[in-house]
Structure formats: C-alpha cells, structure tokens
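Hello,

Here is the structure I promised to pass on. Please open it first, then read my notes below.

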Amino acid sequence: MHAHRRAARRLTGALALTLPALLVACTADPPSPAPTSTADPVPVEADAARDELAALAAAAQDRHLTATYAFEAADGATRTVTVTSANDGTWRVDVPGWGQGGTVDVSLAATGDGLFQCALPSAGWAQPAGCVRLGDADDAVPRRLDPRVQHPFTDWLDVLTDRRAPLAVSPAAPLPGVSGECYSVESTSASLNAPLDVGIYCYLPDGTPAAVRAAFGTLKLAGEPGAAPATVPLAGPVTEGEPVSRDAPSPTDSPGAGTS
C-alpha cells in the first residue's frame with residue numbers, strides 16, 4: 001500500500017514538472033521565417049550591357065572627329081547630316097532641309113560664346129549664312145527649334161554614362177549595314193520628360209557613334225570619320241534676327257525672314 005502511494009507521488013511530481021514546459025512549447029509563437037527580398041534581381045546580361053554602353057558613351061565623349069551620317073527622318077526623307085566634334089569640346093551639327101517646311105538647311109553649334117543656330121544657303125534661304133545666339137553653350141535648344149539629331153552626339157552621351165539615369169539597357173542586333181555593338185535603350189521612368197529617346201544605339205570600339213534609331217529617325221555613319229579641327233567655326237556671322245523655325249513661312253512672310 002505504501003509502495004503504491006510512493007509511486008503515485010513520483011508520478012504527480014513528474015507531471016508537475018513536465019506540463020508547464022509542454023504548455024510553453026505549445027503556446028510559443030513559431031520562429032519567424034528569414035526575410036526574403038521582394039525585388040527582382042537585375043539580370044547579369046542586362047547589367048553587363050549597361051556597363052558596356054556606359055563605357056562606349058564615355059569613349060564617345062572623348063572622340064573628336066568630323067563625320068557624315070546618312071539620315072532617314074521619321075517622315076521617310078533622306079538627308080546627309082554632318083557632325084563636327086572639335087578638340088576643344090566645341091561642336092557643330094549641320095542638318096539639311098529642316099527649317100521652314102524643309103526648305104532651309106540649318107546648323108546648330110556650341111562654342112565658347114554660346115549656343116547658336118545658323119541658317120545655311122539653301123532652297124529657302126537665298127542669302128548668305130547667318131547665325132542667331134540661342135543661349136549659353138550648355139543650354140537646351142528650345143523645342144520649336146530642335147531638330148533632335150544633335151542629341152546623340154552631345155547631351156544624350158551624359159545620360160548614357162550616368163548609371164543613375166532611369167534606363168534599361170540590353171544587347172541588340174546590329175542595324176542593317178551597321179558595324180559595331182548595338183544596344184536597346186528603354187526608359188524605366190513614367191515621366192513624360194524622358195532623358196533621351198528610347199531606341200537602338202550603336203558604337204564602334206573606339207567610341208565613334210555608328211548608328212542611332214530613335215523617334216526622330218535613323219542615323220548611320222557614312223564612311224570613315226575625318227580628323228577633328230581645333231575648334232568649330234560658326235557657319236556665318238552672328239545677327240540680331242530671329243532663328244529659323246521648322247514651320248513653313250506664311251504667305252505674308254518675306255523670303256529669308258529671320259535675319260536683320
């Protein structure tokens with residue numbers, strides 16, 4: 001009888017020690033899972049393409065040359081654009097058939113004295129070339145005066161070299177008849193003011209822009225680039241007149257309006 005009581009007391013003591021531990025184990029919160037990242041990793045290929053394009057654009061900033069480009073505008077018209085990047089950092093881009101409804105050739109140039117638009121002798125400009133100052137050398141060309149073809153050789157290079165710019169870059173097949181490496185560039189920003197036109201950008205290994213296909217049309221390098229001058233000259237003297245706009249002049253405007 002006494003043995004049975006001693007056994008019962010031992011069992012009661014064991015239960016008294018075990019039950020609280022079991023209750024704690026049952027009520028304790030389960031361990032939280034290790035946090036996981038919700039951001040998609042950047043594909044290795046895309047990240048490498050961004051680095052490659054940035055390096056080529058940096059080389060293009062240091063590439064000084066005189067070159068011609070076959071230009072097919074968005075409307076299908078074909079022209080030849082001349083690009084000059086001088087050794088002192090000044091530049092000039094001549095765009096045939098842009099002004100006054102396609103009848104006036106224009107030139108944009110940035111020199112130590114500022115940013116200029118020049119009207120060149122052409123079908124709609126019977127007088128000598130004349131230039132109008134648009135602002136400082138690093139100012140933006142006003143939208144109504146902007147042929148856009150100069151951007152791939154000037155300010156868009158700053159965007160392509162900036163790893164903080166909202167761009168997605170991936171390798172692209174070369175454009176027909178184009179040598180060099182080509183990249184597809186997309187904007188990752190919802191802003192209406194994208195830092196550059198999305199499209200295809202192609203470069204030779206030394207940084208020479210080989211081709212661009214963007215909203216304004218397609219530019220393709222035509223022939224071997226020539227040597228760069230020490231500085232770019234303006235196409236003509238600076239006047240106090242109005243710059244040439246893209247729109248065709250009204251019938252009341254006199255021919256060659258825009259110079260003083």
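**The chain as a whole**

Buried residues make up 38% of the 260 residues in the chain. Please keep in mind that this is a predicted model. The chain holds three helices and eleven strands. Read from the N terminus, the elements run α-α-β-β-β-β-β-β-α-β-β-β-β-β. Take the contacts with a separation of 6 or more: residues 24 or more positions apart account for 53% of them.

**Strands β1, β2 and β3**

Start with β1, which covers residues 65–73. β1 pairs with β2 in the antiparallel sense, over eight bridges. One pair to look at is T66 and its bridge partner in β2, T84. The two strands form a hairpin, and four residues lie between them. G76 sits in that turn and has a positive phi of about 95°.

Now move on to β3. β2 and β3 also run antiparallel, joined by four bridges. Here T82 stands opposite D94 in β3. These two strands form a hairpin as well, with five residues between them. The turn contains G89, whose positive phi is about 90°.

What does G226 touch, leaving aside residues up to four places away in sequence? The answer leads back to β1: G226 touches L65 and T66. G226 itself lies in the segment after β11. G226 and T66 are 160 residues apart along the chain, yet their C-alpha atoms are separated by 4.9 Å. G226 counts as partly exposed, because its relative accessibility of 32% falls between the cut-offs of 20% and 50%.

T239 is also found in the segment after β11. T239 has a relative accessible area of 18%, so it is buried, the limit being under 20%. Its side chain reaches the backbone nitrogen of G241 at 3.2 Å.

**The largest pocket**

Next, the largest pocket. Its volume is about 850 Å³. Of the 36 residues that line it, the closest to its centre are Q150, H151, T154, D155 and W156. Which elements give two or more residues to the lining? They are α2 (44–61), β2 (78–85), β3 (91–99) and α3 (155–161). So two strands of the hairpins described above turn up again here, namely β2 and β3. α3 gives the most, with four residues. By type, the lining divides into 17 nonpolar, ten polar and nine charged residues.

T154 deserves a stop of its own. T154 lies in the loop between β6 and α3. Is T154 buried or exposed? T154 counts as buried, because its relative accessibility is 15% and the limit is under 20%. A polar atom of the T154 side chain lies 2.9 Å from the backbone oxygen of Q150. Both T154 and Q150 are among the residues closest to the pocket centre. For a distance across the chain, take S85: T154 and S85 are 69 residues apart in sequence. Their C-alpha atoms are separated by 9.2 Å.

**Two positive phi values**

Two more residues need a look at the backbone. Most residues other than glycine have a negative phi. Q100 and R148 do not follow that pattern: phi is near 50° in Q100, and near 75° in R148.

Where does each one lie? Q100 is in the loop between β3 and β4 (104–111). R148 is in the loop between β6 (130–135) and α3. That loop also holds T154.

Their accessibility can be set side by side. Q100 has a relative accessible area of 11%, so it is buried, being under 20%. R148 reaches 28% relative accessibility, so it counts as partly exposed, between 20% and 50%.

**Where to look first**

If time is short, try three places. Begin at the T66 and T84 bridge pair, then find G226, which touches T66. Go on to T154 and the backbone oxygen of Q150. Finish with the positive phi of Q100 and of R148.

Best wishes

Terms used. Residues are numbered from 1 along each chain as its sequence is written. This is a predicted model: local features need pLDDT of at least 70, side-chain atom pairs count only at pLDDT 80 or more; totals for chains, interfaces and linings use all residues. Side-chain values use heavy atoms; hydrogens and water are left out. On a 1 Å grid over the protein atoms alone, a cavity is a set of points where a 1.4 Å probe fits but cannot get out, and a pocket is an open set with protein on both sides within 12 Å along at least five of seven lines; lining residues have an atom within 4 Å of a point. Grid points are joined across faces, edges and corners, and a volume is the space filled by probe spheres set on the points. Ala, Val, Leu, Ile, Met, Phe, Trp, Tyr, Cys and Pro count as nonpolar, Asp, Glu, Lys and Arg as charged, and the others, Gly among them, as polar. Two strands pair if DSSP finds at least two bridges between them. Buried means under 20% relative accessible area, exposed over 50%, partly exposed in between (1.4 Å probe, protein chains only). A polar contact is a pair of N or O atoms within 3.5 Å; within protein, one must be able to donate a hydrogen and the other to accept it, and residues adjacent in sequence count only if both atoms are side-chain atoms. Contact means heavy atoms within 4.5 Å.
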